[in-house]
Amino acid sequence: MAGRRRAWSIGAVGLGLLLPLAGCGAGTAGDPARSEVQHVLDRRSAALLGHDETAYGATGTRIEYTRLRALPLASWSYRVTALRRTASGATADADLRYRVAGYDRAPVDARRTLTLGRTADGGWYVTADRPARKAGQQLWDQGTVTAARGARSLVLGTGGSGAGLKEFARLADRAVPAVSGVWGTDWSRRVVVLVPRTLAGMAALLGSPAAEYRGIAAVTTGEAGGSGRAPADRVVVNPEAYAVLGDVGKQVVLTHETTHVATRPDTTAATPLWLSEGYADWIGYLGTGRTAREAAPELGRAVRDGEPPEALPADADFGFTSDPTKLAQAYESGWLACRMIADQWGPDRLGAFYRAVGAHGKRAGAVEAALRKVLGTTPEEFTGRWRDYVTTQLG
């Protein structure tokens, strides 16, 4: 099963590597040491962007340079937010902002904690750079990053084979035009896929317990950087759950997640999860030949047991810690609702409905208004038609 992790509050492969100057940190006139540390981090960022390993090494440990070598960066900068002196040097809190060249429209934000030592002449150098407390890891925290470049995708992994990453790139390259053919082309039409070594690695990237993602093949996490524009999301794969899928299932998962990337600017707090997840599944299953019974087995069992759903699933029903059967039924219910709209009103109306709900701005009244304006119906009538559709398709 595919999933999506909302991150509202955080925020084709570029062949040429952009090398802008690193962003300078904020001034700290009242604390000379903090200004000095900021200067070291500015030099460190410029060296990384300029591929100057010697200059990077002059600012401290080189382990990140080695691990990051395969990542095509358009920007990279730190802003020191706090500095605490220690017996051997200092510990700095910093906001890291970076963009992957050719993909990110706005920077990804990451909170970091850096340990610093002092040279004999009183200078500063970095001895460690790690995630801040309660912050998720970045992929390079788990080892050396390797990359596979597709025509429309960039796949980044740790510990996997190059051939395995290229297979992800092949499937992602197929997903992008499949999504554009239905949703339209007004999006980046490029996708970044992260493939950690294990389920634990996936959970560490998301800053959550691994138990929340067991059985979830992938999630898409959006970053909302300071520009106000939605950058490319990260599709984060659970390699353990993904590996047990068949060929069709693997493609469905990546197409589902790519749909989240495409629809992100039109997915707001007004969008219920039954619509966002159902729409992603609807595009994911297009062209696979899967019947309703094949794609919705848990909901089908409930219908045949005389327990059809009474109402569309609530957001809480999509929680990854929910009962697996109930979670599957929630996804299947959302998919069938979107499939019904496409069948009875047409695919274009389904896309217009999705956009209209997101444009409402707030949850209250969003679905009701879009049902009336786009589909010419009411919530009560729509729910009744959906229940009949579910029973007809799965009974």
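## A guided tour, stop by stop

Start by selecting lysine 134, which is exposed, with a relative accessible area of 70%. Look for lysine 134 in the loop between strand S4 (124–131) and strand S5 (146–149). Its backbone deserves a glance: lysine 134 is not a glycine, yet its phi is positive, at about 70°. As you go, keep in mind that this is a predicted model.

**A second positive phi**

Now move to arginine 189, in the loop between helix H4 (162–183) and strand S7 (191–195). Here too phi is positive in a residue other than glycine, with a value near 55°. Is arginine 189 buried, partly exposed or exposed? Its relative accessibility is 41%, and arginine 189 therefore counts as partly exposed, because that class lies between the cut-offs of 20% and 50%.

**Charges over rings**

Next, select arginine 118 and tryptophan 124 together. The charged end of arginine 118 sits over the ring of tryptophan 124, and the distance to the ring centre is 3.9 Å. Then show arginine 355 with tryptophan 183. In this case the charged end of arginine 355 lies over the tryptophan 183 ring, 3.5 Å from its centre.

**Aromatic rings**

Stay with the rings for a moment. How many aromatic pairs does the structure hold? There are 15 of them. To see a cluster linked by ring pairs, select Trp76, Tyr78, Tyr98 and Trp140.

A pair of aromatic rings is described by the distance of the centres and the angle of the planes. Try this on tyrosine 285 and tryptophan 335: their centres are 5.3 Å apart and their planes make an angle of 50°, a tilted pair. The two partners come from distant parts of the chain, 50 residues apart, with tyrosine 285 in helix H8 (residues 273–285) and tryptophan 335 in helix H11. Colour them by accessibility and you will find that tyrosine 285 is partly exposed at 23% relative accessible area, whereas tryptophan 335 is buried at 3%.

**Two helices that cross**

Since you are already at H11, display all of this helix (residues 324–344) along with helix H10 (residues 297–304). Their axes are 7 Å apart, and the helices pack at an angle of about 95°. H10 and H11 are therefore roughly perpendicular to each other, because angles from 65 to 115 degrees fall in that class.

Which residues make the contact? On the H10 side, select Pro297, Glu298, Leu299 and Ala302; on the H11 side, they meet Thr325, Ala328, Gln329, Glu332, Ser333 and Leu336. By type, the residues of this contact are five nonpolar, three polar and two charged.

**A buried loop residue**

Travel on to isoleucine 216, in the loop between helix H5 (199–206) and strand S8 (218–221). With a relative accessibility of 3%, isoleucine 216 counts as buried, because buried means under 20%. Add tyrosine 242 to your selection: the two residues are 26 apart along the chain, and their C-alpha atoms are separated by 8.0 Å.

**Last stop: valine 248**

Finish in helix H7 (residues 247–263), where you will find valine 248. This residue counts as partly exposed, at 31% relative accessibility. What does valine 248 touch, leaving out residues up to four places away in sequence? Its contacts are Thr288 and Arg290. Between the C-alpha atoms of valine 248 and threonine 288 the separation is 7.1 Å, although these residues are 40 apart along the chain.

Methods:
Residues are numbered from 1 along each chain as its sequence is written. This is a predicted model: local features need pLDDT of at least 70, side-chain atom pairs count only at pLDDT 80 or more; totals for chains, interfaces and linings use all residues. Side-chain values use heavy atoms; hydrogens and water are left out. Axes are lines fitted to C-alpha atoms, for helices over the stretch in contact, and angles run from 0 to 180 degrees between N-to-C directions. Helices (H or I, at least four residues) and strands (E, at least two) are DSSP runs, numbered from the N terminus. Angles under 35 degrees count as roughly parallel, over 145 as roughly antiparallel, 65 to 115 as roughly perpendicular and the rest as oblique. Contact means heavy atoms within 4.5 Å. Ala, Val, Leu, Ile, Met, Phe, Trp, Tyr, Cys and Pro count as nonpolar, Asp, Glu, Lys and Arg as charged, and the others, Gly among them, as polar. Buried means under 20% relative accessible area, exposed over 50%, partly exposed in between (1.4 Å probe, protein chains only). Rings of Phe, Tyr and Trp (its six-membered ring) pair if their centres lie within 6.5 Å; planes under 30 degrees apart count as stacked, over 60 as edge-to-face and the rest as tilted. A charge sits over a ring if NZ of Lys or CZ of Arg is within 6 Å of the ring centre and within 35 degrees of the ring normal.
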